[in-house]
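Subject: A structure for you to look at

Hi there,

Here is the structure I promised to pass on. Please open it and keep it beside you while you read.

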Amino acid sequence: MKNHSNRPYAACAGCKTINYAAMSARERVTGVKSGTLGYVMRRTIRQFDVVGRARMKEIYLSTLKSFLAFRNGNDVYLDDINADMIMQYEKYLHTSRGVSRNTSSFYMRVLRAVYNRAVGEGLATDCRPFKHVYTGVDKTLKRALPLSVIKKILQLERTTILKQVRLSYFLVM
């Protein structure tokens, strides 16, 4: 069992107490755990909101919601994130959520960016938890119609509409 004596909150089922001495003043007042993935992600989401990066805010919020769903709503301390947890999350995405490799890779890249930011700020020690999960981009089948086909459809529509207009005009007269 891990020793959580330097942490303000219990990170395992065996720990039942809260170490208020290890908590920051902000944590005691707000109840927000600053050493967690959720804290760092929410802070990053607020920063995107402030600078007007709405799409990035949506992406990070979606990733956070997905990861918290995997964790049954429980946040996780940054130092408790390891390769096994990330591999389990990837498996959860594929089996329980039915997402493609590119979608799971997208979530992994967002989580890795947040994790690396936290490591850079000294909030976590880098244990390279993303080394065994896919974070690339698979080449997908091109699904768009060629431009020549789109032009033929547009030409056909114009011809059909023109015929309908002529018929309507003839019937009205």
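Below is what I found, going from confidence to helices and then to two single residues.

Please bear in mind that this is a predicted model. The chain has a mean pLDDT of 81, with 71% of its residues at 70 or more. Residues 1-20 are a part to treat with care: their pLDDT is below 50, although the stretch has 36 contacts in the model beyond near neighbours in sequence. Where pLDDT is low, the predicted coordinates should not be read in detail.

A good place to begin is helix α3, which covers residues 54-70. Its 17 residues should span 24 Å at 1.5 Å a residue, and the C-alpha atoms at its ends are indeed 24 Å apart, so the two values agree. Which residues of α3 are buried? They are I59, Y60, T63, L64, S66, F67, L68 and F70. These buried residues pack against α2 (37-50), α4 (83-95) and α5. After α3 comes N72, which has a positive phi near 55 degrees.

Two packed helices are described by the angle between their axes and the distance between the axes. Let's use that for two partners of α3.

The first pair to try is α3 with α5. Helix α5 takes in residues 101-120, and its axis comes within 10 Å of the axis of α3, crossing at roughly 100 degrees. Angles of 65 to 115 degrees count as roughly perpendicular, and α3 and α5 are therefore roughly perpendicular to each other. On the α3 side, the residues that meet α5 are I59, Y60, S62, T63, S66 and F67. On the α5 side, they are F106, Y107, V110, L111, A113 and V114. What kinds of residue make up this contact of α3 with α5? Nine are nonpolar, three are polar and none is charged.

Next, try α3 with α4. The axes of α3 and α4 are 10 Å apart, at an angle of about 100 degrees. That makes this pair roughly perpendicular as well. T63, S66, F67, A69 and F70 of α3 meet M85, Q88, Y89, Y92 and L93 of α4. The contact of α3 with α4 has seven nonpolar residues, three polar ones and no charged ones. T63, S66 and F67 appear in the contact with α5 and also in the contact with α4.

You can repeat the length check on α2. With 14 residues at 1.5 Å each, α2 should span 20 Å, and its end C-alpha atoms are 20 Å apart, which agrees. The buried residues of α2 are L37, G38, Y39, V40, M41, R43, T44, I45 and F48. Just after α2, G52 has a positive phi of about 80 degrees.

Now for the two single residues. S104 sits in helix α5. Is S104 buried or exposed? Its relative accessible area is 1%, and under 20% counts as buried, so S104 is buried. Leaving out residues up to four places away in sequence, S104 touches E90, L93, H94 and V99.

V133 lies in the loop between α5 and α6 (147-172). With a relative accessible area of 9%, V133 is buried. V133 and M108 are 25 residues apart in sequence, yet their C-alpha atoms are 7.8 Å apart in space. Setting aside residues up to four places away in sequence, V133 touches I86, M87, E90 and M108. Look for E90 on screen, since it touches S104 and V133.

Enjoy exploring!

Best wishes

How values were computed. Residues numbered from 1 in each chain as written. Predicted model: local features only at pLDDT ≥ 70, side-chain atom pairs only at ≥ 80, totals over all residues. Heavy atoms only, no water. Axes fitted to C-alpha atoms, helices over the stretch in contact; angles between N-to-C directions. Helix = DSSP H or I, 4+ residues; strand = E, 2+ residues; numbered from the N terminus. Parallel < 35°, antiparallel > 145°, perpendicular 65-115°, else oblique. Contact = heavy atoms within 4.5 Å. Nonpolar A, V, L, I, M, F, W, Y, C, P; charged D, E, K, R; others polar. Expected span 1.5 Å × (residues − 1). Buried < 20%, exposed > 50% of the residue type's maximum accessible area, 1.4 Å probe, protein only. pLDDT = per-residue confidence, 0-100.
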